[in-house]
Amino acid sequence: MMSAQTDVNHGRMKKIGSMFSSLQEKLHRDKAEKKDLPAPQPRSTAYLDRAASPGQTFFFERLLVVSLRKRSSGEGYEPQISYQFPKGTSRSQWEEEERVITLFCFPEGVNWAPLTEYRSETFSFVLTEVDGSRRNGYCRRLLPDGKGARPPEAYCIISRLACFGLFSKIFDEVEKRRKKSMAMIYPFMQSLREAAFPTPGNTVKIKSFIPESGTEIISLTRPLDSWLEHVDFRTLFRCLTDEEVLQVFAATVLERRIIFIAEELSTLSQVLHAVAALLYPFLWQHTFISIVPRVLLEVYLAPTPYLLGIQRTLQNLIIDHSDLLIVDLAAPTGSKFISKIGDEDTLITAKLQEELLQELCRRKHNANTEELNKVISEAFLTFFVKTVGHFADHIKKSGKSSGTFQKKSFLKAVEPKSSRNFVKQFVQTQMFDLFIQEEEKQPNREGLQHKFLPQKSGGVSGAEEEGAREEWMEEGGHCLKPGCWWDLLINCVCVC
């Protein structure tokens, strides 16, 4: 169970499970140990037994409504949970986690004032358990119906599933019912809870009754490429030029400390998830906080790699800029980087940068989310194929199923030679190391090109291949991983 200890008045940051790196916990261990706190109790999972049933995945664990209440001192507001679904859960066993959730719903702190206008926004955050497993928090913040000035409130859904677009649509339905009555949220969420999460490319339909409107059928569809369903690259490429994205990408690949600054919470969460997705098939292994609450801002002092999203109102509190890449997502082009190490634009060779930029130019101005995601993800996948895609040739089999990665021969084989310095740094990262460890366990090892990118076969032209792909998709053929459709079509074998 994730633990959280926070003393707002004295600015003490305490542990919030493994949400932060072990070093971050070490930085604050002395402060945390000064308090005599009881050991956290295991979270009750009695009401989660349906979602835990084998073979079936459910949409969410909990829905919370977080409201801002006047503090007892009369100065400022503090977030409190005013509604939750399912009802009847033990508040004491969720108390620690609820404190964390309310911090992420209102990360700005206590300095709120009643408002008459507020543009709603949707964002997400990640809760990391002690065992490394992750759950997603989806949040819709808006101004509740009423007269006069009033503080905003937030709807928060906790789920083990990562699908931002789908949960945004769920929030639309929750918000529509909230305007009529809070009681109308319950039957909708109950219907949703009883429905199985659809497989990639498929749709689930939820029936819900609304007075004056009758029974409505809500269709919820998952994208075909499930590994991109939590991502929309549009915001990232709206905030940064292609060249600026490449600099951020290079710094991320080498696991540096990167901070993104923006006004809107939705911009921060979308950009950070997009940056992490550029690494596919590698995974970011370090601290990842798309929205850093004010009381946890000291996390930026940790010397370990991280990706952090920080609101502009807190920017002046980031005093130490040493060895940081700080990106202002709202600044004019040419002024996006508040702080740089200085080599970001030369980490990737000029030739590879040019090839990446050419691939990115393939995206269309009016492309939908899935079309845009496909072009961008394949561009960066191709980069990894060119630089490290030959790794499988250098895993020496040492048993029936296991193998050993031969790093020295792998580096010698890197082409062009001008890329070797970058690859030498990349192979030292934790994301590459863990990727290789997994590959060493695989009985059948294939390079990135065969694993993740569409493969041409026997002299088939690119146009013929694309035509075959479209025909395959129209007939309903699909696979969980991009690139497998060709092997399924030609060989009836899925490479993944």
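Buried means under 20% relative accessible area, exposed over 50%, and partly exposed in between (1.4 Å probe, protein chains only). This is a predicted model: local features need pLDDT of at least 70, side-chain atom pairs count only at pLDDT 80 or more, and totals for chains, interfaces and linings use all residues. Residues are numbered from 1 along each chain as its sequence is written, and side-chain values use heavy atoms, with hydrogens and water left out.

**Salt bridges**

A salt bridge puts a side-chain nitrogen of Lys or Arg within 4 Å of a carboxyl oxygen of Asp or Glu. The count comes to 25 salt bridges. Three are listed here.

| Acid | Base | Closest N to O |
|---|---|---|
| Asp 343 | Arg 256 | 2.8 Å |
| Glu 355 | Lys 386 | 2.8 Å |
| Glu 359 | Arg 362 | 3.2 Å |

Glu 359 is partly exposed, at 26% relative accessibility. Arg 362 is also partly exposed, at 43%. Elsewhere, salt bridges with shared partners join Glu 61, Glu 97, Arg 135 and Arg 160 into one network.

Asp 343 and Arg 256 form a salt bridge. That pair links distant parts of the chain, 87 residues apart: Asp 343 is in the loop between β14 (337-339) and α9, and Arg 256 is in the loop between α7 and β10 (257-262). Helices (H or I, at least four residues) and strands (E, at least two) are DSSP runs, numbered from the N terminus. Asp 343 is partly exposed at 25%. Arg 256 is buried at 14%.

**Helix α9**

Helix α9 spans residues 350-360, and its buried residues are Leu 352, Gln 353, Glu 355, Leu 356, Leu 357 and Leu 360. Their cover includes α6 (234-239), α7 (242-253) and α10 (369-388); contact means heavy atoms within 4.5 Å.

Glu 355 has a relative accessible area of 19%. Its salt-bridge partner is Lys 386. Glu 355 lies in α9 and Lys 386 in α10, so the pair ties together parts 31 residues apart in sequence. Lys 386 is partly exposed at 38%.

**Aromatic pairs**

Rings of Phe, Tyr and Trp (its six-membered ring) pair if their centres lie within 6.5 Å; planes under 30 degrees apart count as stacked, over 60 as edge-to-face and the rest as tilted. There are 22 aromatic pairs. Phe 249 and Phe 384 pair edge-to-face, 5.8 Å centre to centre, with 65° between the planes. Phe 249 lies in α7 and Phe 384 in α10, so the pair ties together parts 135 residues apart in sequence. Both Phe 249 and Phe 384 are buried.
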